[in-house]
Amino acid sequence: MRTTERNNHPAHHLAKMSGPDRANYYLIAIYTGYRFTEVSRLTRESFHLHGSNPTITLKGRGTKNKVFAIQPVPLDVAGRLQKWLDSIPASRPLWPVKRLADYTGSKMIYQDLDRAGIPRKTEAGCIDFHALRTTYITLLALAGVPIQQAQVLARLSSPQILMDHYTKLGINELGQQVAK
């Protein structure tokens with residue numbers, strides 16, 4: 001591959017996103033259930049991190065289903081995100097990569113997994129960006145969040161989709177329930 005071709009490859013552009021920016025991109029995804037393109041559409045105005053009920057809001061035009069989304073985040077996550085936001089110059093966009101929405105989250109996460117020496121596939125399945133959304137929804141189930149509330153937080157049209165495709169409980173989690 002020639003240098004000019006390599007420089008135009010999406011992974012090359014994604015590599016320009018700093019480690020803290022990438023870490024916070026993943027953090028937002030795993031604590032909100034937002035999809036890759038949804039996270040890419042967040043702006044400074046999306047973050048409401050002060051007070052006892054911090055949230056990250058996405059306008060309807062930025063969501064997959066075109067419906068306004070407001071996702072609560074834990075206080076400790078809000079504190080970490082606020083420190084990150086405070087470290088970014090006001091003139092800089094959150095994600096200083098041209099046309100981030102044109103890339104896939106899987107390319108970004110694969111690049112990071114490869115660098116860290118973590119396999120992309122495990123016994124539990126494939127690790128891709130969408131796995132962060134699955135993890136979010138599974139953690140809701142493990143925390144005992146009622147299915148109706150989990151469905152709202154996951155922004156899914158039916159509880160069946162939530163249960164069939166997103167809630168991944170392993171033998172350890174099932175064993176803990178039996179032990180109760």
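Here a visitor and a guide talk through a predicted model, asking what lies behind some of the terms used for it.

Visitor: Let's start with the sheet. Which strands form it, and in what order?
Guide: The open sheet has 3 strands, in the order β1-β2-β3, and their pairing is antiparallel.

Visitor: Why do β1 and β3 count as standing at the edges?
Guide: β1 (47-48) and β3 (69-72) each have a single partner strand, so one side of each has no neighbour in the sheet.

Visitor: How do you know that β1 and β2 pair?
Guide: Pairing calls for at least two bridges between the strands. β1 and β2 (residues 55-58) share 2 bridges in the antiparallel sense, so the pair meets that cut-off. If you would like a contact to look up, histidine 48 has threonine 55 of β2 as its bridge partner.

Visitor: Now the helices. What makes α3 and α6 oblique to each other?
Guide: Helix α3 (residues 19-32) and helix α6 (residues 105-116) pack at an angle of about 120°, their axes 12 Å apart. Roughly perpendicular covers 65 to 115 degrees, and roughly antiparallel needs over 145. An angle of about 120° fits neither class, so α3 and α6 are called oblique. Their crossing is left-handed.

Visitor: Why is α3 called roughly antiparallel to α5?
Guide: α3 and helix α5 (residues 75-87) pack at about 150°, with 11 Å between their axes. The cut-off for roughly antiparallel is over 145 degrees, and that makes α3 roughly antiparallel to α5. The crossing of α3 and α5 is left-handed.

Visitor: And how do you know that α7 and α8 are roughly antiparallel?
Guide: We can use that cut-off again. The axes of helix α7 (residues 130-142) and helix α8 (residues 147-154) cross at roughly 155° and come within 10 Å. Since roughly antiparallel means over 145 degrees, α7 and α8 belong in that class. The crossing of α7 and α8 is right-handed.

Visitor: Let's finish with a pocket. Which residues lie nearest the centre of the second largest pocket?
Guide: They are Arg41, Thr43, Ser46, Lys59 and Arg61, out of 10 lining residues. The space in this second largest pocket is about 220 Å³.

Visitor: How do the residues of that lining divide into nonpolar, polar and charged?
Guide: The lining of the second largest pocket has 1 nonpolar, 5 polar and 4 charged residues. Because Lys and Arg count as charged, Arg41, Lys59 and Arg61 belong to the charged group.

How values were computed: Residues are numbered from 1 along each chain as its sequence is written. This is a predicted model: local features need pLDDT of at least 70, side-chain atom pairs count only at pLDDT 80 or more; totals for chains, interfaces and linings use all residues. Side-chain values use heavy atoms; hydrogens and water are left out. Helices (H or I, at least four residues) and strands (E, at least two) are DSSP runs, numbered from the N terminus. On a 1 Å grid over the protein atoms alone, a cavity is a set of points where a 1.4 Å probe fits but cannot get out, and a pocket is an open set with protein on both sides within 12 Å along at least five of seven lines; lining residues have an atom within 4 Å of a point. Grid points are joined across faces, edges and corners, and a volume is the space filled by probe spheres set on the points. Axes are lines fitted to C-alpha atoms, for helices over the stretch in contact, and angles run from 0 to 180 degrees between N-to-C directions. Angles under 35 degrees count as roughly parallel, over 145 as roughly antiparallel, 65 to 115 as roughly perpendicular and the rest as oblique. A crossing is left-handed if the near helix is turned anticlockwise from the far one by less than a right angle, and right-handed if clockwise.
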